[in-house]
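The report that follows takes up one helix and its end, and then turns to aromatic side chains.

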Amino acid sequence: TNLYVNEAREALGLGEFGSFLHPAEHPLSYGETAFGLAALPMALRAIGANDLVTYYVFVSVAYATTAFSAYLLATLYVRNRALAIVAGLTFASTTCLRSTIDSPHTAFVGVAFASLYFFKRYTLYFRRRDLWWSALLAGAQTYFSAYLFLLLAIAIVVLGLANVRSLVREA
């Protein structure tokens, strides 16, 4: 993210922020770059937040968004909202997500789960706006993680196949 901010600051003659992965000079060489994930840290750094605050807010927002999207998806499978809340919080705090805290491209699944939520709602209620939202969020997922976009595409195909009877009936 600092590379984007540095480029903008240098273009405006305002100096540099430094490296997000200090002391590495080229942090983008260490993983996938995603403008969607970089937008929040870039904005925070642009208003003067330091690295620690920026990273804390970024990780908190990523996990909160993931928990909320997992909660929404769970509401389509359980009637009890308390259980859905527990499902969202449990998923967002699992070891598999916390172990990738240094790789938000694999830990931030909020957009993917929201897309799955709307696709599942479409298979239940056949409202075109749900399908539209699912497609819009799936497209947006490419700006957050190409890896998760591929997994999302597979999940949508599996979900579609699991609901093929209702989808064919509606068509």
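Just after helix α2 comes G48, whose phi is positive, near 105°; helices here are DSSP runs of H or I with at least four residues, numbered from the N terminus. The model is predicted, so that local features need pLDDT of at least 70 and side-chain atom pairs count only at pLDDT 80 or more, while totals for chains, interfaces and linings use all residues. Residues are numbered from 1 along each chain as its sequence is written, and side-chain values use heavy atoms, with hydrogens and water left out.

Within α2 (residues 35–46), the buried residues are L37, A38, P41, M42, L44 and R45, where buried means under 20% relative accessible area, exposed over 50% and partly exposed in between (1.4 Å probe, protein chains only). These buried residues line one face of α2, because they fall within an arc of 165° when seen down its axis, the arc being that of the directions from the helix axis to the C-beta atoms.

Aromatic rings of Phe, Tyr and Trp (its six-membered ring) pair if their centres lie within 6.5 Å, and planes under 30 degrees apart count as stacked, over 60 as edge-to-face and the rest as tilted. By this rule there are seven aromatic pairs, including the two tabulated here.

| Pair | Centre to centre | Between planes | Class |
|---|---|---|---|
| Y55 and F58 | 6.4 Å | 40° | tilted |
| W132 and W133 | 5.1 Å | 85° | edge-to-face |

Y55 and F58 lie three residues apart in helix α3 (residues 51–75), and therefore about one helical turn separates them. Y55 is partly exposed at 30% relative accessibility, whereas F58 is buried at 9%. W132 is exposed, with a relative accessible area of 52%, and W133 is partly exposed at 37% relative accessibility. Both tryptophans belong to one aromatic cluster with Y117 and F118.

Definitions and conventions
Helices (H or I, at least four residues) and strands (E, at least two) are DSSP runs, numbered from the N terminus.
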